[in-house]
Amino acid sequence: MKYKWWVVISLVALLLMVWRSIGDSKVKVVFCDVGQGDGALIISGSFQMLIDTGGNNQRMLSCLSRHLPFWDKNIETVVLSHWDIDHSGGLPDISRYYKIEKLYSNRLPPAGDEQKFYPTIIGENDIIRYGGIDFEILSKNVDDGDSNENSLVGVLRYKDLPSGRQVKILMMGDAPMEVEQSLVWQEKLKSLSNEVDILKISHHGSDMATSEELLDEVNPKEAVISVGKNNKFGHPGKVVLKRLEERGIKIKRTDNMGDVTVTY
Ligand SMILES: [Zn+2]
């Protein structure tokens, strides 16, 4: 008899957990602590989107297990800003444990991986939409140039509940200064001026990006730097940190804070 009650209580508890995860549509964005790399997780109820997957070190998987309910093994959307290993290296492991419904990227995988992954190629003006969340690509497709130059830059928008205010997060991928120089002249980027809540700093805080022009145009409230502790590249650069500090932009770093979670 006692055993029966335990079954009933466990079932009710499980149902409550499922109901909470489906019913709670407040959006949560996590910049996962993936070490040296990028991996962001966006959650809205039972919908999940990843923007980059970290490197080949299972750290994105650990982040998913920390923030997703154990029964949810479906990731609706994965966007890879580009195929550099510190952004795409987590994909094989993630696809082993989760079903990925849609994969988007700036181009086809490098040779050797084209049999495993079939991304839909996206570029400037494409919008990935789910419910109240959208991710719009701002960067142009460049045919030549190195992979960072081709990195997708996009703005993530969603409604904060219950306030109804629209949150805007500018995801810079690994885009270098040359890309920023062309972005700052775009009407779409200009329309984000003073509107961006969080700037996901490009290229782990490298001095080759996050120009004064970009910061002055966007004027974000906060900056998130996804970067590994004591990495060999010297990221984030002192110059970038100084530019952010001078402008009073609050800095959050995954190497100091672990996962950086946004719920507003
Ligand atoms: Zn990178």
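Q: How many helices and strands does the chain have?
A: This is a predicted model. Its secondary structure is a mix of both elements. The count is nine helices and 14 strands.

Q: Why is the chain as compact as a globular protein of that length?
A: The globule rule gives 18 Å for 264 residues. The radius of gyration of the chain is close to that, so the chain is as compact as a globular protein of that length. The radius of gyration is 19 Å.

Q: What is the strand order in the open sheet of seven strands?
A: Pairing in this sheet is mixed. Strand E7 (127-130) and strand E13 (250-253) each pair on one side only, which puts them at the edges. Neighbouring strands are turned by 20 degrees against each other on average, direction ignored. The order is E7-E8-E9-E10-E11-E12-E13.

Q: Which residue in E12 is the bridge partner of Leu 199?
A: Strand E11 covers residues 198-200, and strand E12 covers residues 222-225. The two pair in the parallel sense over three bridges. The partner of Leu 199 in E12 is Ala 223.

Q: Which residues have the most contacts inside the largest nonpolar core?
A: Buried residues make up 41% of the 264 in the chain. The largest nonpolar core has 59 residues. Those with the most contacts inside it are Ala 40, Leu 41, Ile 42, Val 79 and Leu 170.

Q: Which residues does Val 79 touch, not counting those up to four places away in sequence?
A: Val 79 is among the residues with the most contacts inside the largest nonpolar core. Beyond its sequence neighbours, Val 79 touches Met 49, Leu 50, Ile 51, Tyr 104, Ile 128 and Phe 135.

Key: Residues are numbered from 1 along each chain as its sequence is written. This is a predicted model: local features need pLDDT of at least 70, side-chain atom pairs count only at pLDDT 80 or more; totals for chains, interfaces and linings use all residues. Two strands pair if DSSP finds at least two bridges between them. Helices (H or I, at least four residues) and strands (E, at least two) are DSSP runs, numbered from the N terminus. Axes are lines fitted to C-alpha atoms, for helices over the stretch in contact, and angles run from 0 to 180 degrees between N-to-C directions. A nonpolar core is a set of buried Ala, Val, Leu, Ile, Met, Phe, Trp, Tyr and Cys residues joined through C-beta atoms within 7 Å. A residue is buried if 20 or more other C-beta atoms lie within 10 Å of its own, exposed if 12 or fewer, and partly exposed in between; C-beta atoms are placed from the backbone. Two residues are in contact if their C-beta atoms, placed from the backbone, lie within 7 Å. The radius of gyration is taken over C-alpha atoms; the globule rule is 2.2 Å times the number of residues to the power 0.38.
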